[in-house]
Amino acid sequence: NIHHLYINMYIQGAVRLATDHLRLTMEVTTSSPWNCFALFRFLTQGRKEHVTLHFRVPDWLGESRLPLYDFNSYRAKYPVAVNGTRVTPHIESGYIVIDEVLADSSFITIHFPTPIRRIIPKNNPHEVAFQRGPLIYTLLDLPQQAKLHLSDPVTSAIDKERFTNQLSGKRYDEAGQAEKFTAEPFVLNREQSGACVWAPCE
């Protein structure tokens, strides 16, 4: 029999499956949310299990499903390997589908890129927010009259001491003078005074 297994969340841990026809353990190691590299290792207790695996393609790599917002486009590629050998993934209904006979210590790796996305409300094209991977970012200490330019590049870097990720770019004051802005994940800065998700832009 062929069994179907759907993986929707990329959270580190282990899952043990035991049904009348399928017994296996799936161990998940991931670098999410900073860089979404995921390793899936399977333990089958010496058996071979024919399984069709369905790995959800994260929303940040798909087409926008939010009708009130525009996102900058990104042509995504997902490097996928089975037991160390690169394979061409088959995408079906928003899932990467891999049909495989799993044995003890079989493993699959998937690398989902985490591009910086600009989010712009359709009813207000003069505001922008930033997303990288699954996280929305908040700008720290943005002056009230400051603006961003949508054409300017925004870069990403890991803060190893604080174990977080920072985005940085340019903001402009009323006189047009450029200074650096910094943004960090909203979930880590929701209580910080002066932080804002939406920034004026032109």
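**A chain of strands, from overall form to single residues**

In this predicted model, residues 24 or more positions apart account for 63% of the contacts in the protein chain with a separation of 6 or more. The secondary structure of the protein chain consists of one helix and 18 strands. The radius of gyration is 21 Å, well over the 17 Å that the globule rule gives for 202 residues, so the chain is more spread out than a compact globule. Along the principal axes, the C-alpha atoms fill a box of roughly 70 × 35 × 30 Å. Of the 202 residues, 41% count as buried.

Strand β4 is a convenient place to enter the fold. This strand covers residues 36-43. Its covered face carries Cys 36, Ala 38, Phe 40 and Phe 42, while Phe 37, Leu 39, Arg 41 and Leu 43 make up the uncovered face. What joins β3 to β4? The connection is a hairpin that passes through five residues. Strand β3, residues 23-30, runs antiparallel to β4, and six bridges join the two. Within this pairing, Thr 30 of β3 stands opposite Ala 38, a residue of the covered face of β4.

Strand β4 also pairs with β11, which spans residues 106-112. Here too the strands run antiparallel, and seven bridges join them. Which residue of β11 is the bridge partner of Cys 36? It is Phe 112. Cys 36 itself belongs to the covered face of β4.

Thr 109 is another residue of β11. Is Thr 109 buried or exposed? Its relative accessible area is 14%, and because buried means under 20%, Thr 109 is buried. Leaving out residues up to four places away in sequence, Thr 109 touches Phe 37, Ala 38 and Leu 39, together with Pro 79, Val 80 and Ala 81. Of these, Ala 38 is on the covered face of β4, whereas Phe 37 and Leu 39 are on the uncovered one.

Tyr 78 lies in the loop between β6 (69-71) and β7 (80-82). At 16% relative accessibility, Tyr 78 counts as buried. With residues up to four places away in sequence again left out, its contacts are Val 57, Leu 61, Pro 89, Ile 91, Ile 96, His 111, Phe 112 and Pro 113. Among them is Phe 112, the bridge partner of Cys 36. The C-alpha atoms of Tyr 78 and His 54 are separated by 14 Å, with the two residues 24 apart along the chain.

The remaining topic is empty space. Rolling a probe the size of a water molecule over the atoms shows where such space is left. How many cavities of 30 Å³ or more does the structure hold? There is one. The largest cavity contains about 50 Å³ of space. Its lining is formed by Arg 118, Phe 130, Leu 148, His 149, Leu 150, Asp 152, Pro 153, Val 154, Gly 169, Lys 170 and Phe 181. By class, this lining has six nonpolar, two polar and three charged residues.

The largest pocket holds about 270 Å³ of space. Thirteen residues line this pocket, and those nearest its centre are Met 9, Tyr 10, Ile 11, Ser 32 and Pro 134. The pocket lining divides into eight nonpolar, three polar and two charged residues.

How values were computed. Residues numbered from 1 in each chain as written. Predicted model: local features only at pLDDT ≥ 70, side-chain atom pairs only at ≥ 80, totals over all residues. Heavy atoms only, no water. Buried < 20%, exposed > 50% of the residue type's maximum accessible area, 1.4 Å probe, protein only. Helix = DSSP H or I, 4+ residues; strand = E, 2+ residues; numbered from the N terminus. Pairing = 2+ DSSP bridges. 1 Å grid on protein atoms, 1.4 Å probe; cavity = no way out; pocket = protein on both sides within 12 Å on 5 of 7 lines; lining within 4 Å. Points joined across faces, edges and corners; volume = space filled by probe spheres on them. Nonpolar A, V, L, I, M, F, W, Y, C, P; charged D, E, K, R; others polar. Rg over C-alpha atoms; globule rule 2.2 N^0.38 Å. Contact = heavy atoms within 4.5 Å.
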